[in-house]
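Open the model in a viewer and keep the sequence panel beside it. The stops below give a selection to make and then say what is found there.

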Amino acid sequence: MNYRKIAVLLATIFIGSSCLAQHKKIYKKDWIDLNKNGKKDVYEDPSRSTKERVDDLLSQMNLNEKTAQMATLYGWKRILKDSLPMPSWKNEVWKDGIANIDEHLNGFINWGIVENKLDLVTDVKRHVWAMNETQRFFIEQTRLGIPVDFSNEGIRGIEAYQATGFPTQLNMGMTWNRSLVRAMGQITGKEARALGYTNVYAPILDVARDQRWGRLEEVYGEDPYLTARLGVEMAKGIQEMGAASTPKHFAVYSANKGAREGLARTDPQVSPREVEDVLLYPFKKVIKEADIMGIMSSYNDYNGIPVTGSSYWLIDRLRTEMGFKGYVVSDSDALEYLYNKHHVAANLKEAVYQAFTAGLNVRTTFRRPDSIIYYLRDLVNEKRIPIETINSRVADVLSVKFRLGLFDSPYVKDAEASKQLVNSAANQQVALQASQESIVLLKNVKNALPLAKSGLKVAVVGPNATDADYAHSHYGPLMSPSVNVLEGIKQKIGAQNVTYAKGSELIDKNWPNSEIFPEEPNAEEIALINEAVETAKKADVVVLAIGGNTKTAGENKSRTSLDLPGHQLALVKAIHQTGKPYVVVLIGSQPVSINYVDLHAPAIIYAGYPGVKGGLAVADVLFGDYNPGGKLTLTFPKSVGQLPLNFPTKPNAQTDEGETARVKGLLYPFGHGLSYTTFSYENLVVNNKLNENGQVEVSLDVKNTGTKDGDEVVQLYIRDVLSSVTTYEKLLKGFERVKLKAGETKKVNFTLVPDDLMLWNREMKQVVEPGDFKVMLGSSSEDIRQTAIFTVK
């Protein structure tokens, strides 16, 4: 007997037949009688303002209904045991409603576990039907018919069994392409709504500070300005398509002590000015410019005060100062950590009291919502939390639901249209463009790249040649078909011209202990290397695909070393010693200290985590069908012992001058990236003072001086020459990715506004101080081509 089919059938009868038949009359021509009273209440009237509708609905809600809007219910197989609403739901705490259902029927069950059998997950039309039926329960079976907000992850495309899969956010940063990131946001938002998801947990606005951090793949890079500019585009793109954008993690999250992850996300060692200039800057800009509807509060404390229990962070800074108008969800267990990690609350009930009085709107974690909701009711009845506080928190949630149109159009109307849209050929083409534009050419001696597409026998070697796990991990599409590096090369030049040998595993059998207790390869590992050597000897050229992957990086996977994991370095040395020409494809989200590779390999491309189309994009670059134009958004150190080492940096804080007992210099600086062509910078013009609009106009001519069409990312940096406090050596304040045909010249314009020139003075007031500012334009933070001075009086 198939109990699953019986359960689905019973649910279909309950929801699809009896409930719809019972409540067909609530659906009017232009409105829905959500409270089933036969008249159009203010909150049911689409012509009324959001505030009027929220106020009216709040006036009708009882305490149980209000507190139900202050917690998340995780979806099927996370917390929900049922894939569809069942009669038993009438006895659950969500019978009074719920704020949001997270990750419902998106296929993610746990790390490495994806649901691939249930058609409500795998079939788009059936999935849409199931999402509608879940929503129908809240519209038709609760007293006031308050719809649920379906939230979901979406930092590399919406998380679903299949959807358009983009490169990771780090790769999107390396495109330096605002319009492309905007297009990604639009596709993510549109596909989210088509699949029934109304709230996307993206973009990530954390700024990287430590190359060991496992979550580097999720951020745009080390620079706050770049993070802000791309974050604005992503958030706007999502919300233009009718979904809410909920960035994370607010605040001071990405500076974990020693880049530790897991339960150690606490006690960031960051100065107040760095908090303001680096870690908060992107949030300020995205909140102001994109009018985002959500924020996720972080696990960590700052200066001894946990963020999720702090009215300073969640009210004073976030709402009063930054102007945030949406609702705040807690990162998983951030509320619980108040008592079981930070120990500032005696128990869970006291943690609920602290968090919600501090400004939290919705508790979100992988546990049932009951206890939180019941504690809230107790705290109100005990007169510890005023009902006015509850009303304020709930009003924020309801306001977002009204802005999303859920009270007026709660269902996905056309499942067939959803099927045609999600992961469409047109959307996949944008994803391929993102993969191509994100690839960075690190080194290319004597034009070793591109390779000839004919007349060569190519040996593809390395553990990342066939490993595309990065395209199927959490926080994005789970099972969208992907192309690995080996497949991409075979498609490019024909399988008959390609041989393959793994050469080594990504990690050795004793990893990660081998990072501090290295061992020689065993017989099995030596055999893999020897096989690769023999394969290389029979080829004309070798493509070495090495680096990291999901085994070595990701959430809760910070490292103690930045060296190539496992026995990959031994593999590289063995290939080098064959004397065969070789080029390196470096995959991974963390910078790797590839000193031997950099010294010996004639050409290196950094592919990061290039998405489901990554193998195609890598092959396009290797064989010259795409001229790489990506630029690094992370600093590549030579050794983990040089850390902390990042951009931007204070004067001389990272200098090697005068050192005699340290490894000196970088492998590659922030903003670095080469091309198969060359570019010149000429005719820099800077008006010498702020104009009547408070702006400084900067322009210069960029010329493609080579023989191939290509992209150049023009980067503008400034420095406050003399200031009352130490300021950064270089601050990125403008960038433009410019497409230039061979021999073509284009004028590139930048506008600096007062905000770009501000600092926090000795009284911690943000001001523009009079004096000289140096403008630096170039191809990387170290490759400055043109400079000028302007003066603020």
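## Start at Tyr-606

Select Tyr-606 and display its surroundings. Setting aside residues within four places in sequence, Tyr-606 is in contact with Leu-170, Met-174, Ser-438, Ile-439, Val-440, Leu-442, Leu-586, Gly-588, Ser-589, Gln-590, Leu-632 and Phe-636. The model is predicted, and its chain has an average pLDDT of 95, with 97% of the residues scoring at least 70. Colour by confidence and go to residues 3-21, where the pLDDT is below 50. Beyond near neighbours in sequence, that stretch has 32 contacts in the model.

## The nonpolar cores

Return to Tyr-606 and add Trp-94, Leu-544, Ile-594 and Val-597 to the selection; these five have the most contacts inside the largest nonpolar core, which has 109 residues. Which helix gives the most to this core? Select residues 178-194: this is helix α7, and it contributes seven residues. A second core, separate from that one, has 85 residues, including Val-275, Val-328, Tyr-411 and Leu-740. In soluble globular proteins, nonpolar side chains tend to be buried together.

## Phe-735 and Arg-229

Next, select strand β23, residues 731-740, and pick out Phe-735 within this strand. Is Phe-735 buried or exposed? Its relative accessibility is 1%, under the 20% limit, so Phe-735 counts as buried. Apart from residues up to four places away in sequence, Phe-735 touches Trp-176, Arg-178, Tyr-225, Leu-226, Arg-229, Leu-230, Val-714, Gln-715 and Phe-750. For a distance across the model, draw a line from the C-alpha of Phe-735 to that of Ser-330: the two are 34 Å apart in space and 405 residues apart in sequence.

From Phe-735, step to its contact Arg-229, which lies in helix α8, residues 224-240. Arg-229 has a relative accessible area of 13% and is therefore buried. Beyond neighbours within four places in sequence, the contacts of Arg-229 are Arg-178, Lys-285, Glu-289 and Phe-735.

## Helices α9 and α10

Two of those contacts, Lys-285 and Glu-289, fall in helix α10, which spans residues 281-290. Show α10 together with helix α9, residues 272-279. Two packed helices are described by the angle between their axes and the distance between the axes. For α9 and α10 the angle is about 40° and the axes are 5 Å apart. How are the two helices oriented to each other? Angles under 35 degrees would count as roughly parallel and those from 65 to 115 as roughly perpendicular; α9 and α10 are therefore oblique.

Now show side chains at the contact. Helix α9 supplies Glu-276, Asp-277, Val-278 and Leu-279, while α10 supplies Tyr-281, Pro-282, Phe-283 and Lys-284. Five of the contact residues are nonpolar and three are charged, with no polar residue.

## The loop before α9

Move back along the chain to the loop between β7, residues 244-245, and α9, where Ala-251 lies. The peptide bond from Phe-250 to Ala-251 is cis, with omega near 10°. The loop between β7 and α9 also holds Ala-259. Ala-259 is not a glycine, yet its phi is positive, at about 60°. With 1% relative accessibility, Ala-259 counts as buried.

## Two further loops

Select Lys-446, in the loop between β12 (440-444) and β13 (458-461). Lys-446 has a positive phi of about 50° and is not a glycine either. Is Lys-446 buried or exposed? Its relative accessible area is 80%, so Lys-446 is exposed.

Then go to Pro-648, in the loop between β18 (636-637) and β19 (666-668). A cis peptide bond links Phe-647 to Pro-648, with omega about -5°.

## Last stops: α2 and Tyr-374

Select helix α2, residues 50-60, whose buried residues are Arg-53, Val-54, Asp-56, Leu-57 and Leu-58. Which helices do these residues pack against? Add α3 (63-68) and α15 (387-403) to the display, since the buried residues of α2 pack against both.

Finish at Tyr-374 in helix α14, residues 370-381. Tyr-374 has a relative accessible area of 41% and is partly exposed. From C-alpha to C-alpha, Tyr-374 lies 34 Å from Arg-260, with their positions 114 residues apart in sequence.

Notes. Residues are numbered from 1 along each chain as its sequence is written. Side-chain values use heavy atoms; hydrogens and water are left out. pLDDT is the predictor's confidence in each residue, from 0 to 100. Contact means heavy atoms within 4.5 Å. Axes are lines fitted to C-alpha atoms, for helices over the stretch in contact, and angles run from 0 to 180 degrees between N-to-C directions. Helices (H or I, at least four residues) and strands (E, at least two) are DSSP runs, numbered from the N terminus. Angles under 35 degrees count as roughly parallel, over 145 as roughly antiparallel, 65 to 115 as roughly perpendicular and the rest as oblique. Ala, Val, Leu, Ile, Met, Phe, Trp, Tyr, Cys and Pro count as nonpolar, Asp, Glu, Lys and Arg as charged, and the others, Gly among them, as polar. A nonpolar core is a set of buried Ala, Val, Leu, Ile, Met, Phe, Trp, Tyr and Cys residues joined through side-chain atoms within 4.5 Å. Buried means under 20% relative accessible area, exposed over 50%, partly exposed in between (1.4 Å probe, protein chains only).
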